[in-house]
Amino acid sequence: MSTPPAMLHPELLAEDDMHAIYRDGHRLDHAEAASKPLRSRPEPQPRGAKVHGNRPVDQAEAAARFIAAPEHEKMHDERLWDLRQKRDREMHGIAEWEELRALASAIKEHTLTHLDQYLEQFEDNARSHGVHVHWARDAAEHNQIVHGILSDHGAKSLIKSKSMLTEECGFRPYMASVGIEVIETDLGERIQQLDNEDPSHVVVPAVHKLRTDVAEVFSRTIGTDPANSDVHYLAEAQREATRPLILAADAGMTGCNFAVAETGTFVVCTNEGNADLSANVPKLHIASIGIEKVIPRLEHLAVFVRLLSRSALGSPVTQYTSHFRGPRAGGEMHVVLVDNGRSERLGLEEFWTSLKCIRCGACMNTCPVYRRSGGLSYGATYSGPIGLIIDPTFNQHKYSNLPFASTLNGSCTNVCPVKINIHEQIYAWRRVLVERHETPLAKKAAMKVAGELLSRPAAYRAAIAAADMALAHLPRFVIYNGLNAWGRHREVPHPPKQTFHSWHEANRGGKK
Ligand code: SF4
């Protein structure tokens, strides 16, 4: 053994110290030996909005908690902005992009205004291939129909690919209540299922989670090492845990991106191939299809396929664009066409075009409010700009705060591949909700006062002068206190020495 080097505190070095630690032949100084590298604890994941029955969801409260978790907020904002930038690059690569958007919008508007005709055509053609077609008026009927099909086959487990419609229908909790195991096959959706959370984005359901959050969920549910957040390790562990369940499942379920009326076929777009597993491994395949998913002809499909993945993820096409035509040999295929409020929405003059949505998520990726608050802060199946205009059609009271969670900057409308006037509909919802007294009392009172002042120029000028005076002399706590949400995040600018009106009077002498 070599001679120990000079110690920082040689008086502490006892020759007979049994606990002395040596490294590379040198005895370590006491502090050096006792110290461990510090590993900062991962930032806990902020959870979504607190939903209490039919009470209005407080999106701002949940957003504030998300913003208070800086690692999550930064990652979420950057990840989604990256998708937006990739979408822009793809868009600029297609000279006829605007024509494609206009065409997609026109096809959808035509279809929606002839919806009964195309749905019947789809049904007839699907039946001619041996597909069983069912109609569900609402979420409850959808769940009961699927349960009935599964019971007829004695099915106890179901693998399924991602479907926002089934989220809308509360399908998983319903299946749990009747003792049927549902296994999500999309990785993000599976993470959310294991964490007992809803998807936070229509395309990337677990986008709000850090790798460390996923490591925590998997360690709790499938027994991975909680300290290992390597993505390859986590993905492989999940594959190992889920694959046997997929192979043993009694039935499979998919959603649908487009249902083609002239052929009676439907198309599912995924990047993981999980819809194909769900549809082809078990002999029984059930597809849940919202009635707005129908398009007239196969040639129209190309328009939407070119727009969908580019808008969603900034990739030219999804890895899998799978066409389903009929049951596999020896198998059975069922299609459930679901209304769940869509016909009613079709009758809303200002909001019916929201049915054109192809669920690409581009409006979410570009929205500054969504990027910084996370999808779960909306407390609803659909979040972001599209959620603000769809959710109130399900429940105006519960989702009455949502249309106010927008800056109305119009970016959502600009990126929407089917040209939905999203920001105009958000604004229209605000008007409707105020008219129907679905806004908080404080906001209503403030708007009433503002309306009175803005409609009386003399009163407005007097109020401005009084406010300037008050701002100069009021104690700070009057504005910056816990009760005033506005003052919590902003500083009132110093009032100008002169108002525009008095400047105009002084310099232009009232001349027009
Ligand atoms: S509203 Fe438009 S941008 Fe938003 S998800 Fe639907 S199709 Fe995509």
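Trainee: Let's start with N196: is it buried or exposed?
Mentor: Keep in mind that we're looking at a predicted model. N196 is found in the loop between α9 and α10. Exposed means over 50% relative accessible area. N196 has a value of 73%, so the residue is exposed.

Trainee: What is the phi of N196, given that it is not a glycine?
Mentor: Here's the background: most residues other than glycine have a negative phi. N196 is not a glycine, yet its phi is positive, at about 55°.

Trainee: And H437, which has a positive phi too: where is it found?
Mentor: H437 isn't a glycine either, and its phi is about 60°. With 58% relative accessibility, H437 counts as exposed. As for the place, H437 is in the loop between α19 (422-435) and α20 (441-454).

Trainee: Back to α9, then. How many of its residues are buried?
Mentor: Helix α9 covers residues 187-194 and is mostly covered. The buried ones are G188, E189, R190, I191, Q192, Q193 and L194. Out of 8 residues in α9, that makes 7.

Trainee: What covers the buried residues of α9?
Mentor: Look for pieces of the chain in contact with them, which here takes heavy atoms within 4.5 Å. You'll find one strand in the cover, β5 (181-184). The cover also includes the helices α7 (164-168), α8 (171-177), α10 (211-221) and α11 (231-248).

Trainee: Now the ligand. Which residues are closest to it?
Mentor: The space taken by the ligand is the largest cavity. Around the ligand there are 13 residues. The closest of them are C357, C360, G361, C363 and C416.

Trainee: How many residues in that shell are nonpolar, polar and charged?
Mentor: Cys counts as nonpolar in this grouping, while Gly counts as polar. Sorting the shell that way gives 11 nonpolar, 1 polar and 1 charged.

Trainee: Which residues have the most contacts inside the largest nonpolar core?
Mentor: That core has 58 residues. Helix α13 (residues 298-313) gives the most to this core, with 8 residues. For contacts inside the core, the two to pick out are F304 and I422.

Trainee: What is I422 in contact with, leaving aside its neighbours within four places in sequence?
Mentor: Two of its partners, C363 and C416, are also among the residues closest to the ligand. The full set for I422 is C363, P385, I389, C412, T413 and C416.

Trainee: How many residues does the second, separate core have?
Mentor: Among its members are L112, A126, C256 and L337. The count for this second core is 24 residues.

Trainee: What about E262: which residues does it touch, not counting those up to four places away in sequence?
Mentor: E262 lies in the loop between β7 (258-260) and β8 (265-270). Its relative accessibility is 36%, so E262 counts as partly exposed. The residues it touches are Q121, N125, P296, R297 and L298.

Trainee: How far apart are the C-alpha atoms of E262 and L307?
Mentor: Along the chain, these two are 45 residues apart. In space, their C-alpha atoms are separated by 21 Å.

Trainee: Last one, for the whole protein chain: what share of its residues is buried?
Mentor: The chain has 23 helices and 12 strands. Buried means under 20% relative accessible area. Of the 512 residues in the chain, the buried share is 46%.

Methods:
Residues are numbered from 1 along each chain as its sequence is written. This is a predicted model: local features need pLDDT of at least 70, side-chain atom pairs count only at pLDDT 80 or more; totals for chains, interfaces and linings use all residues. Side-chain values use heavy atoms; hydrogens and water are left out. A residue is near a molecule or strand if one of its heavy atoms lies within 4 Å of it. On a 1 Å grid over the protein atoms alone, a cavity is a set of points where a 1.4 Å probe fits but cannot get out, and a pocket is an open set with protein on both sides within 12 Å along at least five of seven lines; lining residues have an atom within 4 Å of a point. A molecule sits in a cavity or pocket if more than half of its atoms lie within 2 Å of its grid points. A nonpolar core is a set of buried Ala, Val, Leu, Ile, Met, Phe, Trp, Tyr and Cys residues joined through side-chain atoms within 4.5 Å. Buried means under 20% relative accessible area, exposed over 50%, partly exposed in between (1.4 Å probe, protein chains only). Helices (H or I, at least four residues) and strands (E, at least two) are DSSP runs, numbered from the N terminus.
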